[in-house]
Amino acid sequence: MPILTRRNLLKASAVAGAYGVGLGLAGRFTAAQAAPEPMVLKTQKTEAKIMDVGPTKNMLTWGEHGMPPVIRMKKGEPFAARLINGIDDPTTIHWHGLRIPNKMDGVPFLTQPYVYLNDAFDYAFTPPDAGTFWYHPHCNTMTQMGHGMTGVIVVENPKDPVFDAEIVLNLRDWRLGGDGQFIQQFKPRDAARAGTFGTVRSANWQQQPQYDAPAGGLLRLRLAITDVTRIYSFKLDGAAGTVIAIDGNPVPERFTLDTLDLGPGERLELAIRMPDDEGAIVSLSDIHSTNPAVLATFRAVGNSLKRDVRDLGPLDANPVAKADLSSAEHIPLQLSASADKGPSDSICGSLGYTFWAINKVAWQGDTPDPTAPLAELKLGKSYVIDMENLTPHLHPIHLHGMSFTTVSSNTKQVMPLVSDTYLIEPNEKVQLSFVADNPGDWLLHCHIIEHQKTGMTSYLRVV
Ligand code: C2O
Ligand code: CU
């Protein structure tokens, strides 16, 4: 009997990866459903014009130039992508919010080896859920994501209601100086607080872009916050927006957008009834900070289609198992500050500081021997995470591989939303329920990257 060490497992998955099929996927493919031709995602250094002063150098993306492509997948249909690394920094791809096999999850050491310069890794999986998701590396993320590697995923459901237009916005900031070039990506002092904010805001790598949409028509607006730090508070002017989905899942009950706070990693889908008058402008703003900003505008064009948002049929619920609260085991999870010393060294982009901890343990970085799991869960059993925020800051806490349902909070009324990220307030205690139905090691971390990288990370093991 060979002994299965983590190292052997990684080798095995690297070999499987080279042939386009991950080990864990074998059972999911039938002969009739062979993996499709992989989409090539090659990491590249690029330049782009974010500010008027001229192109920003040292940007990072997948593909030839410009923003990472919006990847379109179909619910229940196989998808394949070949990551080729064209930059001299190890990388991976994590498919944020997609409930796929662990080997495809893109977390160095926990689920796959690094992909070095000129190496490749094949991802192949079938997305079980429809909605708005996103992708990003899980390696040296402060730099790789900070410099551009954040892209949006749309998983289509052919049974979705029909809209007159669809617009996808990749929302993020850039840390640029007055000359349009990158400045220091973070300040330790800020990493120990709310995080270091960008200096330039953007939607689809542009400042305040304007898009046309049919007058009187129904616009499906998909927003993804892919920024490394910023919490957004969305507001719409010039038209009413109906919230139809959050974090890739339909909301239990639709409501009109007043303002809504969402953190890094989260997504919002709005149905916007465009104004009847040609030329009328609808604007999307973020009013969270003391510096409110218009993110993008939408201009009504043509004769009014005279549509009514109440005619929109429902979105299918995603096939996420419901936890059994009566038998569920509880997992305590406390977010706190940490006084530990920073890791002395890490090959995957340690920031060199420790400020945060989960259950008093600060993640030591992406090392070959990570800390023990937060909890070991039994496959198929129900669990409730009792999460408590002992810090004076907001944290968008993200769980890989499984979706949870928000059960209750001590600070506000919550809707039973199915999600992968919960934005927890200071002094809030929240209960998140889920069925441990996906085997493997699943990372759980704050999506403010400076928090994640300075201790606020852990993982759950499902066996
Ligand atoms: Cu958006 Cu660990 O992920
Ligand atoms: Cu945080």
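## The β1–β2 hairpin

In this predicted model, strands β1 and β2 are joined by a hairpin through 2 residues. Strand β1 covers residues 39-51 and strand β2 covers residues 54-62; the two run antiparallel, with 6 bridges between them. If you would like one pair to look for on screen, take Q44, whose bridge partner in β2 is T61. As general background, strands of a sheet pair through backbone hydrogen bonds, either parallel or antiparallel.

## Two open sheets

One open sheet is made of 6 strands, and its order is β10-β9-β12-β17-β14-β15, with mixed pairing. Its edge strands are β10 (200-203) and β15 (249-256), each of which pairs on one side only. On average, neighbouring strands here are turned by 20° against each other, direction ignored. Within this sheet, β14 (residues 241-246) and β17 (residues 267-273) run antiparallel and are joined by 5 bridges. Among the residues to pick out is I246, which has L268 of β17 as its bridge partner.

Another open sheet has 5 strands in the order β11-β19-β18-β13-β16, and its pairing is mixed too. Here β11 (210-214) and β16 (260-262) are the edges; each has a single partner strand, so one side of each is left without a neighbour in the sheet. From one strand to the next, the twist averages 25°. Strand β13 (residues 232-237) pairs with strand β18 (residues 281-286) in the antiparallel sense, over 4 bridges. In that pairing, F234 has D286 of β18 as its bridge partner.

## Nonpolar cores

Which residues have the most contacts inside the largest nonpolar core? They are L377, I385, M387 and F434, in a core of 36 residues. L377 is a good place to begin: leaving aside neighbours within four places in sequence, L377 is in contact with I331, Y383, F434, A436, L460, R461, V462 and V463. A second, separate core has 32 residues and includes L169, L171, F234 and V251. F234 may be familiar by now, as the bridge partner of D286 in β18. In soluble globular proteins, nonpolar side chains tend to be buried together.

I385 deserves its own look. I385 sits in strand β23 (residues 382-389), and its relative accessibility is 4%, so I385 counts as buried. Its contacts, again setting aside neighbours within four places in sequence, are I331, L333, V430, Q431, L432, F434, L444 and L460. The C-alpha atoms of I385 and H330 are separated by 5.8 Å, although these residues are 55 apart along the chain.

## The copper site

Which residues coordinate the copper ion (ligand 2)? The donors are ND1 of H395, SG of C446 and ND1 of H451, at 2.0 to 2.1 Å. Along the chain these donors follow the spacing H-x50-C-x4-H. H395 belongs to strand β24 (residues 395-399) and H451 to helix α4 (residues 449-452), so this pair ties together parts that are 56 residues apart in sequence. A word of caution for anyone setting up this site: water is not among the atoms, so sites may look incomplete.

Are these donor residues buried or exposed? H395 is buried, with a relative accessible area of 0%. The value for H451 is also 0%, and H451 is buried. C446 is buried as well, at 0%.

## Cysteines

How many disulfides does the model contain? The count comes to 0, where a disulfide would need a pair of cysteine sulfur atoms within 2.5 Å. C446 supplies its SG atom to the copper ion (ligand 2). Another cysteine, C139, is buried with a relative accessible area of 1%.

## Positive phi in two loops

Most residues other than glycine have a negative phi, and most peptide bonds are trans. With that in mind, two residues are worth checking in a backbone torsion plot. N118, which is not a glycine, has a positive phi near 70°. N118 is found in the loop between β5 (94-96) and β6 (120-125), and it is exposed, with a relative accessible area of 61%.

Q208 also has a positive phi, of about 45°, although it is not a glycine. Its place is in the loop between β10 and β11. Of the strands flanking Q208, β10 (200-203) is an edge strand of the sheet of 6 strands, whereas β11 (210-214) stands at an edge of the sheet of 5 strands.

How values were computed: Residues are numbered from 1 along each chain as its sequence is written. Chains are lettered from A and ligands numbered from 1 in the order in which they are written. This is a predicted model: local features need pLDDT of at least 70, side-chain atom pairs count only at pLDDT 80 or more; totals for chains, interfaces and linings use all residues. Side-chain values use heavy atoms; hydrogens and water are left out. Donors are N, O and S atoms within 2.8 Å of the metal (3.2 Å for Na, K and Ca); water is not among the atoms, so sites may look incomplete. Buried means under 20% relative accessible area, exposed over 50%, partly exposed in between (1.4 Å probe, protein chains only). Two strands pair if DSSP finds at least two bridges between them. Axes are lines fitted to C-alpha atoms, for helices over the stretch in contact, and angles run from 0 to 180 degrees between N-to-C directions. Contact means heavy atoms within 4.5 Å. A nonpolar core is a set of buried Ala, Val, Leu, Ile, Met, Phe, Trp, Tyr and Cys residues joined through side-chain atoms within 4.5 Å.
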